[in-house]
Amino acid sequence: MPNFRGRQALDAWLSGHDAGLLLQGPDPDSPHAVLNGVVVAQLPAAGARLSRWDPVTVWVTDSGDPAGVREPRRPLPDPWENTAARKPNEDLDDA
């Protein structure tokens, strides 16, 4: 059996299918398919001998980015930062 750890979930699922294996999440009855994120663990381990279409349980991170959410930033960006190059009263010239 191949090592699926570190691979994108969809790529791992397709490779498993090509090898005659059935990749599934830890809860096979879950409505969520194993398609998004990165595989972080698998059972049985890589190198194990399996029969055709035996299930392989994989654990997947949600987004593949272990750093987490980076927004909102603090302090908030200055909304007038990009208007510094504008001429004074530029908006009034068009009136």
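## Strand pairing, core and pocket in a predicted model

Strand β2, which covers residues 39-43, pairs with β3 in the antiparallel sense over four bridges. Within this pairing V39 stands opposite V60 in β3. On the other side of the description, β1 and β3 run parallel and are joined by three bridges, and here Q24 stands opposite T57 in β3. The coordinates belong to a predicted model, and the values below are computed from it.

The protein chain contains two helices and three strands, and these follow one another along the sequence in the pattern α-β-β-β-α. Of the 95 residues in the protein chain, 18% are buried. Among the contacts with a separation of 6 or more, 66% are between residues 24 or more positions apart.

**Three residues and their surroundings**

T57 is found in strand β3. This residue counts as buried because its relative accessibility is 16%, which is under the 20% limit for that class. Leaving aside neighbours within four places in sequence, T57 is in contact with Q24, G25 and P26, and also with A41, Q42 and L43; Q24, one of these contacts, is also the residue that stands opposite T57 in the β1 to β3 pairing.

D54 lies in the loop between β2 and β3, and A19 lies in the loop between α1 and β1. Why does D54 count as partly exposed? Its relative accessibility is 25%, and the partly exposed class takes in values between the buried limit of 20% and the exposed limit of 50%. A19 is likewise partly exposed, with a relative accessible area of 43%. Not counting residues up to four places away in sequence, D54 touches G20, L21 and L22.

For D54 and A19, the table gives a C-alpha distance to a residue elsewhere in the chain.

| Pair | Separation along the chain | C-alpha distance |
|---|---|---|
| A19 and W53 | 34 residues | 8.7 Å |
| D54 and L22 | 32 residues | 6.0 Å |

L22 thus appears twice for D54, as a residue that D54 touches and as the partner at a C-alpha distance of 6.0 Å.

**The nonpolar core**

The largest nonpolar core has nine residues, namely F4, A9, A12, L21, L23, V34, V39, V56 and V58. Helix α1, residues 9-18, and strand β3 each supply at least two residues of this core. L23 is a member of the core, and when its neighbours within four places in sequence are left aside, L23 is in contact with F4, A12, W13, G16, V56 and V58. V39, which stands opposite V60 in β3, is also listed in the core.

**The largest pocket**

The space in the largest pocket comes to about 360 Å³. Its lining consists of 18 residues, of which G25, H32, A33, V34 and L35 lie nearest the centre of the pocket. Two elements, β1 (22-24) and β3 (55-60), give two or more residues to this lining. Which element gives the most to the lining of the largest pocket? Strand β3 does, with three residues. By residue class, the lining of the largest pocket divides into 10 nonpolar, six polar and two charged residues. V34 belongs both to the largest nonpolar core and to the residues nearest the centre of the largest pocket, while G25, another of those residues, is in contact with T57.

Methods. Residues numbered from 1 in each chain as written. Predicted model: local features only at pLDDT ≥ 70, side-chain atom pairs only at ≥ 80, totals over all residues. Heavy atoms only, no water. 1 Å grid on protein atoms, 1.4 Å probe; cavity = no way out; pocket = protein on both sides within 12 Å on 5 of 7 lines; lining within 4 Å. Points joined across faces, edges and corners; volume = space filled by probe spheres on them. Nonpolar A, V, L, I, M, F, W, Y, C, P; charged D, E, K, R; others polar. Core = buried A, V, L, I, M, F, W, Y, C linked by side-chain atoms within 4.5 Å. Buried < 20%, exposed > 50% of the residue type's maximum accessible area, 1.4 Å probe, protein only. Contact = heavy atoms within 4.5 Å. Pairing = 2+ DSSP bridges.
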